[in-house]
Amino acid sequence: MISSQRRDAPGGHICWSYDDPESLADQADRHLAASLAAGERFWYVTPRPSDVVAERLRTRPDFATAERRGAAAVVPLLSTYSLDHAVDPAAQVAAYSSATDEALAAGHTGLRVVAEATELVRTPTQLDVFTRYEHLIDRYMRTRPFKAMCAYHRPKLGDRAIAELACMHPQTNVEDLLFHLYAVAPTDGHAALAGELDMSNHELFRTALDRADLRPVDGELVLSADNLRFLDHRTLAHLAEYAQRRGATAVLRTPRPAVARLADLLHLPGIRVEVTQ
Amino acid sequence: MRTGAAATHHGYYHEAVRYDCDDELLAVAVPFLLGGVDAGEPTFVALGERTGGLVRAALPAGAGVEFLPGGDLYSRPAATIRFYRQLLAEQVAAGAGQIRIIGEVSPTSFGATWDWWARYESAINHAYDDFPLWSMCAYDTRITPPQVLADVARTHPRFATPDGRHVPSPTWTPPADYLRQPLPVVPDPLQARPPAVELTDPTAAEARAAVHKADHGQVPVDDVEDLVVAVSEIVTNAVRHGRPPVRLRVWAGDDRIVTTVSDGGDGPGDPFCGLLPASDGAPGGLGLWITYQSCNHVTWQRDGDGFTLRMTAGNPYTG
């Protein structure tokens, strides 16, 4: 038994699925206000600088004031993401890392972005690359003062693509999503697993885990599962297999002894369950 | 190299002992156990407290017989099989030519939970047949109901008698046949009431939530969590392999939670389903085996409407 403080899902990286652009504009307003109150630099990143959200932001006096002093901006999508519309995950993380450093150098407490990223995930290939990027940037956010709300237009993408994106974020407004796989601070292992994992989302989970591309350290892949509510035998077997393929043992840290009993029952090589308190 | 009555037998030599008085039990058990020790065979006793004490007292001090905790060992049949298969594999790996065990199903299991022990007694003819095991299952005829004794006769190929004989059971029925026959399932009185939750075609997540809803702290947390695992597996099986509609019902009693999952299909085709992990990857086999390890009672029933599996956490109704 190891003891660990129970943590909630980290804030700061949200997947926002929307049908109505006005509802996205409401969210952007909310994030602008929170960002300015926290002394951050705020960016609204969009493919169309004249979209509903950008227009509404520009009508706000606080946005205009902040824009003049470099604390807020509407940034064209293509100036932050690569031109061919399939992002290079590492380069994109580096770009936001520089932007965060610049915000800090300019005296802000960090950088917060609301990004309308629908156009970057329109094809299966784009979606695959971008979800990998989502995990990398999530990892960056655990150590640096960078926050993002990634907005996706559901009618254009469909529920499946939205689920593939949302499950790679610690927070989302997607209601029927059962699990999340997200990054943790380096001291807490390789990733966190939250929610419920069963047959209904097994394939989605496999896809998410492949995209997270977790790299073992000292022969272990440590998954923090403080907020795990349920996990079935298929998921346990898959985690064990995933870790073994990477030459490692999966270490699942969860407060739920039922998971440990299940692992004992299955005698799976490649996984160890540690029950936390 | 095997010795005694099972000397020329291959695999599992399964016997029942029906005794009318304690002396009859000892007349069978003591020579059986000492014969094992004399032959250098690993020899075990897995009897309850009273009968185990009788045997212990009748054996010479330091006889070399190992006593297992009989009561705990016989709480869930699938777990009992898992324990014994592991024990037997270890003994064989250590070089045992034969292993001898005398054990007994707890008399508290002779009521409404007997059905899954009857399935156990039948299934082990197959489950332990990989090992050179000679075992005796003891039944005290003074406290064993006639219908239980009838099942004992059908599930044991032979009887060991106090006068040293090994007599074939006239009603012995091979497990593949016995396990395909419907066993009477005693309804839990809770089932006469309206269920606390009733759902048609639930998702596994909705089924798990329904079990949590019926949890008022009347059952240990671990048992509730294990029931959640079981119900999730069974609803998943019913949706994937059964026929709609799938119905989930949950009853909350003072000391237990009872859940039934039914569908319009025929249920699993493998007669050993639940008691053994499906070795051939039969649909849903692993989920059903996990269910049997996770609940304090599991029953299954086929009728004109389809297949129903009932799972109990907490203290099952014993009748």
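Seven residues of domain 1 of chain A are in contact with six residues of domain 2 of chain A. Keep in mind that this is a predicted model. Chain A also meets a partner: 14 residues of chain B are in contact with 14 residues of chain A. Here's a tour, starting inside chain A and ending inside chain B.

**The two domains of chain A**

- Chain A splits into domain 1, covering 13-176, and domain 2, covering 186-275.
- Taken over C-alpha atoms, the centres of domain 1 and domain 2 of chain A sit 29 Å apart.
- On the side of domain 1 of chain A that touches domain 2 of chain A, α6 (124-141) and α8 (159-166) of chain A each chip in at least two residues.
- The largest share of that side of domain 1 of chain A comes from α6(A), with three residues.
- Sorted by class, the side of domain 1 of chain A that touches domain 2 of chain A has three nonpolar, two polar and two charged residues.

**The sheet in chain A**

- Chain A has an open sheet of six strands, paired in parallel, and the order to trace is β3-β2-β4-β5-β1-β6.
- The edges belong to β3 (72-76) and β6 (171-172) of chain A; each has a single partner strand, so one side of each is left without a neighbour in the sheet.
- For β3(A), there is a parallel pairing with strand β2 (residues 41-46) of chain A, made over five bridges.
- If you want one spot to look at in β3(A), try A72(A), which is the bridge partner of F42(A).
- Lying across β2, β4 (111-116) and β5 (146-153) of chain A is helix α5 (residues 89-105) of chain A, and α5(A) runs at about 140 degrees to β4(A).

**Where chain B touches chain A**

- Three elements of chain B give two or more residues each to the side that touches chain A: α8 (204-213), α9 and α10 (285-294).
- The biggest giver on that side of chain B is α9(B), with seven residues.
- By class, the side of chain B that touches chain A has six nonpolar, four polar and four charged residues.

**A helix pair across the two chains**

- Helix α11 (residues 257-266) of chain A and helix α9 (residues 221-241) of chain B have axes that come within 9 Å and cross at roughly 60 degrees.
- That angle makes α11(A) oblique to α9(B).
- The crossing of α11(A) and α9(B) is right-handed.
- From α11(A), the contact is made by P257(A), A258(A), R261(A) and L262(A), while α9(B) brings D222(B), E225(B), D226(B) and V229(B).
- The contact of α11(A) with α9(B) has four nonpolar and four charged residues, with no polar ones.

**A helix pair inside chain B**

- Within chain B, α9(B) also packs with α10(B), at an angle of about 155 degrees and with the axes 9 Å apart.
- That makes α9(B) roughly antiparallel to α10(B).
- The crossing of α9(B) and α10(B) is left-handed.
- On the α9(B) side you'll find D226(B), L227(B), V229(B), A230(B), E233(B), I234(B), T236(B) and N237(B), meeting G287(B), L288(B), I290(B), T291(B) and S294(B) in α10(B).
- Broken down by class, the contact of α9(B) with α10(B) has six nonpolar, five polar and two charged residues.
- Two residues of α9(B) to look for are D226(B) and V229(B), which take part in the contact with α11(A) and also meet α10(B).

Definitions and conventions: Residues are numbered from 1 along each chain as its sequence is written. Chains are lettered from A and ligands numbered from 1 in the order in which they are written. This is a predicted model: local features need pLDDT of at least 70, side-chain atom pairs count only at pLDDT 80 or more; totals for chains, interfaces and linings use all residues. Two strands pair if DSSP finds at least two bridges between them. Helices (H or I, at least four residues) and strands (E, at least two) are DSSP runs, numbered from the N terminus. Axes are lines fitted to C-alpha atoms, for helices over the stretch in contact, and angles run from 0 to 180 degrees between N-to-C directions. Domain bounds come from an automatic or database domain assignment. Ala, Val, Leu, Ile, Met, Phe, Trp, Tyr, Cys and Pro count as nonpolar, Asp, Glu, Lys and Arg as charged, and the others, Gly among them, as polar. Angles under 35 degrees count as roughly parallel, over 145 as roughly antiparallel, 65 to 115 as roughly perpendicular and the rest as oblique. A crossing is left-handed if the near helix is turned anticlockwise from the far one by less than a right angle, and right-handed if clockwise.
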